[in-house]
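The following questions and answers examine a single protein chain, from its overall architecture to individual side chains. Please consult the sequence and the model while reading.

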Amino acid sequence: MLDWLEQAVLRAPAYSLGTAESHPWLIQLYEGIGFKKVSKKDLGKGHITVYIKKPLHHEKKVNRTVRRDGGLTA
């Protein structure tokens with residue numbers, strides 16, 4: 001599901017989410033698919049929230065046209 005979201009929907013350089021520090025297996029899972037820990041915060045809800053971020057590396061699409069001599073414009 002995240003692969004589809006990253007490829008088909010998101011048009012940002014990165015996205016982030018938060019999860020409870022008391023669920024370390026979730027943090028490990030997300031780190032395994034490219035997320036990095038960014039910060040922690042106590043929001044007063046009985047747990048510490050860990051914020052994680054994943055950079056996206058979208059290929060830049062370049063508009064090119066064919067010149068009369070058969071070459072491509074940049």
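Accessible areas here come from the Shrake-Rupley method with a 1.4 Å probe. The model is a predicted one.

Q: What share of the exposed surface of the chain do carbon and sulfur atoms supply?
A: The area in question is the one that the chain exposes, about 6200 Å². Of this area, carbon and sulfur atoms supply 55%.

Q: Which pattern of helices and strands does the chain follow along the sequence?
A: The secondary structure consists of two helices and three strands. Read along the sequence, these elements give the pattern α-β-α-β-β.

Q: In what order do the three strands form the sheet?
A: The sheet is open, and its pairing is antiparallel. Strands β1 (14-20) and β2 (36-42) each pair on one side only, as edge strands. Neighbouring strands are turned by 25° against each other on average, direction ignored. The order of the strands is β1-β3-β2.

Q: How many bridges join β2 to β3?
A: Strand β3 covers residues 48-55 and is joined to β1 by seven bridges. The strands β2 and β3 run antiparallel, and the number of bridges joining them is six.

Q: Which residue of β3 does lysine 37 stand opposite?
A: On the β1 side, leucine 17 stands opposite isoleucine 52 in β3. The β3 residue that lysine 37 stands opposite is likewise isoleucine 52.

Q: At about what angle to β1 does helix α2 run?
A: Helix α2 comprises residues 24-32 and lies across β1, β2 and β3. Its angle to β1 is about 160°.

Q: Which elements give two or more residues to the largest nonpolar core?
A: In soluble globular proteins, nonpolar side chains tend to be buried together. The largest nonpolar core of this chain has seven residues: Tyr15, Ile27, Tyr30, Phe35, Val50, Ile52 and Leu56. The elements that contribute two or more residues to this core are α2 and β3.

Q: What is the angle between the ring planes of tyrosine 15 and phenylalanine 35?
A: A search of the whole structure finds two aromatic pairs. In the pair of tyrosine 15 and phenylalanine 35, the ring centres are 5.3 Å apart. Planes over 60 degrees apart count as edge-to-face. The pair is therefore edge-to-face, with its planes at 80°.

Q: How many residues apart in sequence are the parts that the pair of tyrosine 15 and phenylalanine 35 ties together?
A: Tyrosine 15 belongs to strand β1, whereas phenylalanine 35 lies in the loop between α2 and β2. The pair therefore ties together parts whose separation in sequence is 20 residues.

Q: Which residues form one aromatic cluster?
A: Tyrosine 30 and phenylalanine 35 form an aromatic pair that is edge-to-face, with 5.3 Å from centre to centre and 70° between the planes. Phenylalanine 35 is also paired with tyrosine 15. The cluster is made up of Tyr15, Tyr30 and Phe35.

Q: Is phenylalanine 35 buried or exposed?
A: Leaving aside neighbours within four places in sequence, phenylalanine 35 is in contact with Tyr15, Leu17, Tyr30, Ile52, Lys53 and Lys54. Buried means under 20% relative accessible area. Since the relative accessible area of phenylalanine 35 is 1%, this residue is buried.

Q: How many of the seven residues of β2 are buried?
A: Across the chain, buried residues make up 19% of the 74 residues. Strand β2 lies largely in the open, because the number of its seven residues that are buried is zero.

Q: Which residue takes a positive phi in the hairpin of β2 and β3?
A: This hairpin has five residues between the strands. The positive phi is near 75°, and the residue that takes it is glycine 44.

Q: What is the relative accessibility of threonine 19?
A: Threonine 19 is placed in strand β1. Not counting residues up to four places away in sequence, threonine 19 touches Leu26, Ile27, Ile48, Thr49 and Val50. Threonine 19 counts as buried because its relative accessibility is 10%.

Q: How far apart in space are threonine 49 and histidine 23, C-alpha to C-alpha?
A: Threonine 49 lies in strand β3 and is buried, with a relative accessible area of 8%. In sequence, threonine 49 and histidine 23 are 26 residues apart. In space, their C-alpha to C-alpha distance is 9.9 Å.

Technical notes
Residues are numbered from 1 along each chain as its sequence is written. Side-chain values use heavy atoms; hydrogens and water are left out. Helices (H or I, at least four residues) and strands (E, at least two) are DSSP runs, numbered from the N terminus. Buried means under 20% relative accessible area, exposed over 50%, partly exposed in between (1.4 Å probe, protein chains only). Two strands pair if DSSP finds at least two bridges between them. Axes are lines fitted to C-alpha atoms, for helices over the stretch in contact, and angles run from 0 to 180 degrees between N-to-C directions. Contact means heavy atoms within 4.5 Å. A nonpolar core is a set of buried Ala, Val, Leu, Ile, Met, Phe, Trp, Tyr and Cys residues joined through side-chain atoms within 4.5 Å. Rings of Phe, Tyr and Trp (its six-membered ring) pair if their centres lie within 6.5 Å; planes under 30 degrees apart count as stacked, over 60 as edge-to-face and the rest as tilted.
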